[in-house]
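Please look through the structure shown here with its side-chain packing in mind. The paragraphs that follow take up cysteines, the nonpolar core and the aromatic rings in turn.

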Amino acid sequence: MNKTKKIGMYTLVLMIFTSVFGFTNIPRSFYLMGYGAIPWYIISGILFFIPYAFMMTEFGAAFKDEKGGIYSWMEKSVGSKFAFLGTFMWYTSNIIWMVSVASSIWVPASNFLFGSDKTQEWELLGLSGSKLLGILGIILIITITYISTKGLKNISKIASIGGIFVTIANILLLVGGIIVLVGNGFTPAEPINFHAFVSSPNKNYTSIIGMASFMVFALFSYGGLEVVSGLVDEAENPIKNFPKAIKLSAIIISVGYCIAILFVGFFTNWNSILTVGNVNMANVAYIVLNNLGIQIGNVLGFSQGNAVILGNFFARFIGLSMLLALTEAFFTVIYSPIKQLIEGTPNKIWPKSWTKINKNNMPTNAMWIQCAVVVIIIALSAFGDKSASKFLDYLILMGNVSMTIPYMFLSIAFIYFKKKEYINKPIKIFKSYKSGAIWGIIVTFIIGFANIFTIIQPIIEENDYFSTVLQVAGPILFVIIGLILYARYKKKNKLNNKEDDSLLSKI
């Protein structure tokens, strides 16, 4: 008798935590909002993360035998056109992720090598700033694509220890924060008062629009749960344990982010540390950890020179951790999403050459087309009149918007999923269609609200039209491409998809 070992509830909690909780989200949030980030994480947790987690649980349980992933979820709930567009947007968010990481991965590399971010000082063959980072990113994406087409997936195992290092970094931040707080007579470096929790020390996030636009960072910090939701059928007593695991992990993650942001303030004075030099969202994590090492050295009585050495060691440690973790992620993202897109959606949507699998079980042609797209976007983004610091901020903003849009497709699809009574739903956290629809609408509204304010904030407050254009250009372009691909498929196969065309009338 062949018995497959099931995943226990606490193992599920750990898997969910490691899939969702991101270390760099903590210092980035403190940089943008200070303690003011904490209420937004609470709001986003209650109105987005927890209900969204429950939705993904119901989806995962109902379609646990489907091989098409989120495409199957949306196709059976709404229709093929909606499902394809949502899946295509999910895939293209990974394109934006690759664009961002291909250029920003050099920041942790610099911290590992030099103990600080020196990317803005690098110069090679007359190239510097965003142009040099762009060229390095292009070389990286071509190299990783080439290696991946050879099927050398085992290379990612070299970087698997990155997860352990990042976990240690989280512990280091919490324990180090307590050491510094106690050593300074329980006086936090960033003063704690009511005003600090309802405002931001960052001038770009002091207005209502600025603070509201921060929500997209909180939403992005909670992303990734839809991947774990596919493990429902592998859980031990899933109907009882999976919802419990979701609830417990959602609380741990939400509270964890809030506590960690608070602890950053124990050893980081915002005005003293985060306004000096070229601080940006790509390097702030390393600056914060460097400062933590220095502050620990100070409270332990180290000389100034030794405290600086400890700070550099902390920066090198987190640099190595993130370099390993991002490398591991890159080798997965370079082939896994495109393979799932091609294999999960109707095969005839794609040109025949794209679906060709080589002897190493890789969609080689599709991967090189993907590589070309990423290279073009990097080149267009990098060769503009801006500093490396601003370039990296643009890439992160673009990634946050692109990667939260697919959540809207899933939350909308959930409304139709709840309405279709013939779909077997082994787990029903939302007991009625009405409650499911209300929360589906709330989650969709929250995501849309956050993205709209993120997109318009640069124009209104900084007169920065380029930032807004960059954030919307990618998603709009990919929507158009998705619609063209589906229209071509529909015409070629003479399909009739009235179900998708009347989507709004069915809510």
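How many disulfides does a search of the whole structure find? The search finds 0 disulfides, a disulfide being a pair of cysteine sulfur atoms within 2.5 Å. The model is predicted, so that local features need pLDDT of at least 70 and side-chain atom pairs count only at pLDDT 80 or more, whereas totals for chains, interfaces and linings use all residues. Residues are numbered from 1 along each chain as its sequence is written, and side-chain values use heavy atoms, with hydrogens and water left out.

Cys-371, at 4% relative accessibility, counts as buried (under 20% relative accessible area, against over 50% for exposed and in between for partly exposed, with a 1.4 Å probe and protein chains only).

The largest nonpolar core (buried Ala, Val, Leu, Ile, Met, Phe, Trp, Tyr and Cys residues joined through side-chain atoms within 4.5 Å) has 143 residues, and Met-98 and Phe-330 are among those with the most contacts inside it. Helix H5 (residues 80-104) gives the largest share of this core, 15 residues, helices being DSSP runs of H or I with at least four residues, numbered from the N terminus. Leaving aside residues up to four places away in sequence, Phe-330 touches residues including Trp-97, Met-98 and Leu-140, where contact means heavy atoms within 4.5 Å.

Aromatic pairs number 34, with rings of Phe, Tyr and Trp (its six-membered ring) pairing if their centres lie within 6.5 Å, and planes under 30 degrees apart counting as stacked, over 60 as edge-to-face and the rest as tilted. The rings of Phe-263 and Phe-266 have centres 4.7 Å apart and planes at 35 degrees, so this pair is tilted.

Definitions and conventions:
Helices (H or I, at least four residues) and strands (E, at least two) are DSSP runs, numbered from the N terminus.
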